[in-house]
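Work through the exercises below with the sequence and the model open beside you. Try each task before reading its solution.

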Amino acid sequence: MVESLRNCAVVFLILYFLQPFGFSAYEGNKFLASFLFGAVTFLCCLAFRFLVFIPLQKHVRPWRIWHEALTVLMMVLFIGICNFFLAVWLFQFPLSWGLFLMFLYWALVVGVIVGGVSTAVSYSRHLRGQLDTLLDKTTEAQAGLSVTLHDTRVRGNDLTLPINDLLYIEAQKNNVAVCYLLDGEVERAEMQTTLAAVLADLEAYPNIFQCHRSFAVNVNNISAARGNSNGYTLELGGGVVAVPVSRSYVPKLKSYIG
């Protein structure tokens with residue numbers, strides 16, 4: 001609703017104050033005409049959201065960034081078509097393919113700009129908040145599955161745990177610290193091995209993602225992200241712990257999410 005009102009206000013303000021596309025030559029009530037175009041934009045946004053956008057989000061899993069961009073572009077084209085018929089009625093234009101294609105052209109130009117901004121904002125909002133709709137989580141498929149991480153010390157103790165309880169692995173000089181959940185509580189176990197060796201033990205599991213030179217996380221347990229293009233912090237286990245994503249790994253994270 002808020003986004004629809006904002007789009008309505010933008011269309012109204014641009015037409016009434018800037019008067020582009022020959023609108024300044026209109027001899028009728030410019031305020032009323034601007035209001036009508038804004039109202040049509042509002043109704044189109046509202047209808048598209050409830051009839052197309054929300055149903056698509058419910059049925060398309062995971063919802064990717066390109067889905068968002070394509071949907072916004074479709075909405076802008078829909079608004080352009082509806083405003084075309086309003087312009088034909090309001091300005092008494094003759095119906096013609098040339099005029100129709102011109103409206104679609106400008107709707108497409110505006111759509112690329114609006115779609116790019118909207119997608120960037122939406123991406124940031126989703127990445128900062130809940131990531132369940134962006135990540136291909138395999139929690140259900142891995143239920144009951146355990147993994148073993150090997151300690152290289154002669155009398156070292158290997159660590160066996162359900163993979164869904166694994167939060168992250170951190171490299172610490174000659175050791176690694178494994179952070180995991182045990183009966184709902186966060187536990188840490190230190191092992192004499194390397195992060196590369198642990199990742200080799202877990203190479204069959206695509207949900208183990210290296211996000212930093214010293215950290216690898218279990219994607220299934222990522223609940224939120226904070227930050228920007230210079231680096232993120234991933235919250236795990238509902239915000240119980242957090243690990244960094246170094247700047248060099250940000251593009252990899254975005255590619256992983258899609």
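The exercises go from the whole protein to single residues.

This is a predicted model, in which local features need pLDDT of at least 70 and side-chain atom pairs count only at pLDDT 80 or more, while totals for chains, interfaces and linings use all residues. Residues are numbered from 1 along each chain as its sequence is written, and side-chain values use heavy atoms, with hydrogens and water left out.

**Exercise 1. Overview**

Task: State how many helices and strands the protein has, and what share of its residues is buried.

Solution. Begin with the elements: helices (H or I, at least four residues) and strands (E, at least two) are DSSP runs, numbered from the N terminus. The protein has 6 helices and 10 strands. Next comes burial: a residue is buried under 20% relative accessible area, exposed over 50%, and partly exposed in between (1.4 Å probe, protein chains only). Of the 258 residues, 40% are buried. Last, take contacts, meaning heavy atoms within 4.5 Å. Among contacts between residues at least 6 apart in sequence, 51% join residues at least 24 apart.

**Exercise 2. Helix 1**

Task: Find the buried residues of helix 1 and explain why they lie on the same side.

Solution. Helix 1 covers residues 2-18, which is 17 residues. From first C-alpha to last it reaches 23 Å, close to the expected 24 Å; the expected span is 1.5 Å times one less than the number of residues. The buried residues of helix 1 are Ser 4, Cys 8, Phe 12 and Leu 15. They lie on the same side because they cover an arc of only 75° around the axis, the arc being that of the directions from the helix axis to the C-beta atoms. Helix 2 (30-59) is included in what covers these residues. On the face turned away from the buried side, the exposed residues are Val 2, Phe 17 and Leu 18.

**Exercise 3. The open sheet**

Task: Give the strand order of the open sheet of 5 strands and name the strands at its edges.

Solution. Two strands pair if DSSP finds at least two bridges between them. The order is 5-4-3-7-6, with antiparallel pairing. Strand 5 (185-191) and strand 6 (208-212) are the edges; each has a single partner strand, so one side of each is left without a neighbour in the sheet. From one strand to the next the twist averages 20°, where axes are lines fitted to C-alpha atoms, for helices over the stretch in contact, and angles run from 0 to 180 degrees between N-to-C directions. Now look at one pair: strand 6 joins strand 7 (residues 215-218) through 4 bridges in the antiparallel sense. Here Phe 209 has Val 217 of strand 7 as its bridge partner.

**Exercise 4. Strands 1 and 2**

Task: Sort the side chains of strand 1 and strand 2 by face.

Solution. In a regular strand the side chains alternate between the two faces of the sheet. In strand 1 (residues 146-149), Val 147 and Leu 149 form the covered face, and Ser 146 and Thr 148 the uncovered one. In strand 2, Leu 159 and Leu 161 point to one face and are buried, whereas Thr 160 and Pro 162 point to the other and are not. Strand 2 (residues 159-162) runs antiparallel to strand 1, and 4 bridges join them. Ser 146 stands opposite Pro 162 in strand 2.

**Exercise 5. Cysteines**

Task: Count the disulfides and explain why Cys 45 forms no bond with Cys 44.

Solution. A disulfide is a pair of cysteine sulfur atoms within 2.5 Å. A search of the whole structure finds 0. For Cys 45, the closest cysteine sulfur is in Cys 44, at 7.0 Å, which is too far for a bond. Cys 45 is buried, at 2% relative accessible area. Cys 179 is also buried, at 1%.

**Exercise 6. Positive phi**

Task: Locate Gln 19 and Asp 183, and decide whether each is buried, partly exposed or exposed.

Solution. Most residues other than glycine have a negative phi, and most peptide bonds are trans. Gln 19 is not a glycine, yet its phi is positive, about 50°. Gln 19 is in the loop between helix 1 and helix 2 and, at 23% relative accessibility, counts as partly exposed. Asp 183, also not a glycine, has a positive phi of about 55°. Asp 183 lies in the loop between strand 4 (175-182) and strand 5 and is exposed, at 76%.
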